[in-house]
Amino acid sequence: MLIFVSRRAPCLTETAARAGQQPSDATPVKAIDDFQLTGVAVSIEDSAHAAVESGAAVFDVLTNSWKYTATVDATAKGTVMVTATAMDNPGNTGSLSASK
């Protein structure tokens, strides 16, 4: 996922539907900002829109991206929707969803 957050309204430009479905599956999130990102939150829902899990992504300096590691086995859920929300220092947010 690529999320662009600016001091203006957030602009989303690209997504990759690589949603983690098993524990230890990492969901990469590429977030860009023209000021300073303060964090990325990830939520995973099943096809009935019930929450499977959520949490904070961790910044990986080696890949220059944020990564969220799944902790719940969602393979029995079928399709899941992963939503990543990036926050910047002025308080703006940008969100992007991908299903798998």
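# A predicted all-strand model, questioned

Student: Which residue takes a positive phi in the hairpin of strand 8 and strand 9?
Tutor: Gly91 does, with a phi near 105°, in a hairpin that has four residues between its strands. Keep in mind that this is a predicted model.

Student: How do you know that strand 8 and strand 9 pair?
Tutor: Pairing calls for at least two bridges between the strands. Strand 8 (residues 80-88) and strand 9 have seven bridges, in the antiparallel sense, so by that cut-off they count as paired. One position to look at is Val82, which stands opposite Ala98 in strand 9.

Student: What makes the side chains of strand 9 alternate?
Tutor: In a regular strand, side chains point to the two faces of the sheet in turn. In strand 9, Gly94, Leu96 and Ala98 point to one face and are buried. Thr93, Ser95, Ser97 and Ser99 point to the other face and are not buried.

Student: In what order do the four strands of the open sheet stand?
Tutor: The order is 5-4-8-9, with antiparallel pairing. Strand 5 (51-56) and strand 9 (93-99) are the edge strands because each has a single partner strand, which leaves one side of each without a neighbour in the sheet. Neighbouring strands of this sheet are turned by 15° against each other on average, direction ignored.

Student: How do you know that strand 4 and strand 5 pair?
Tutor: Five bridges join strand 4 (residues 37-46) to strand 5, and at least two are required, so the two strands are paired. Within this pair, Val42 stands opposite Gly55 in strand 5.

Student: How many helices and strands does the protein have?
Tutor: There are zero helices and nine strands.

Student: Why is the contact of Asp60 and Lys67 called a salt bridge?
Tutor: The closest N and O atoms of Asp60 and Lys67 are 3.2 Å apart. The cut-off is 4 Å, so the pair qualifies. The search of the whole structure finds one salt bridge.

Student: Is Lys67 buried, exposed or partly exposed, and what makes it so?
Tutor: Lys67 has a relative accessible area of 28%. Buried would need under 20% and exposed over 50%, so Lys67 is partly exposed.

Student: Why is the aromatic pair of Phe59 and Trp66 given the name it has?
Tutor: The ring centres are 5.3 Å apart, within the 6.5 Å allowed, so Phe59 and Trp66 count as a pair. The planes stand at 65°, and over 60 degrees is edge-to-face, so this pair is edge-to-face. One aromatic pair is found in the whole structure.

Student: Are Phe59 and Trp66 buried or exposed?
Tutor: Trp66, at 11%, is under the 20% limit and therefore buried. Phe59, at 36%, falls between the limits of 20% and 50%, so it counts as partly exposed.

Student: Which residues make the nonpolar surface patch?
Tutor: Phe59, Val61 and Leu62 make it, with an area of about 360 Å². Leu62 is found in the loop between strand 6 (58-60) and strand 7 (65-69).

Student: How do you know whether Leu62 is buried or exposed?
Tutor: Its relative accessible area is 80%, and over 50% is exposed, so Leu62 is exposed.

Student: What about Val29, buried or exposed?
Tutor: Val29, in strand 3 (residues 26-33), has a relative accessible area of 1%, so it is buried. The C-alpha atoms of Val29 and Thr85 are separated by 9.4 Å, although the two are 56 residues apart along the chain.

Student: What share of the protein counts as buried?
Tutor: Of its 100 residues, 36% do.

How values were computed:
Residues are numbered from 1 along each chain as its sequence is written. This is a predicted model: local features need pLDDT of at least 70, side-chain atom pairs count only at pLDDT 80 or more; totals for chains, interfaces and linings use all residues. Side-chain values use heavy atoms; hydrogens and water are left out. A salt bridge is a side-chain nitrogen of Lys or Arg within 4 Å of a carboxyl oxygen of Asp or Glu. Buried means under 20% relative accessible area, exposed over 50%, partly exposed in between (1.4 Å probe, protein chains only). Axes are lines fitted to C-alpha atoms, for helices over the stretch in contact, and angles run from 0 to 180 degrees between N-to-C directions. Rings of Phe, Tyr and Trp (its six-membered ring) pair if their centres lie within 6.5 Å; planes under 30 degrees apart count as stacked, over 60 as edge-to-face and the rest as tilted. Patches are made of residues with over 30% relative accessible area and no salt bridge: like charges are joined within 9 Å, nonpolar side chains (Val, Leu, Ile, Met, Phe, Trp, Tyr) within 5 Å. Accessible areas come from the Shrake-Rupley method with a 1.4 Å probe; for residues, only the protein chains shown count as cover.
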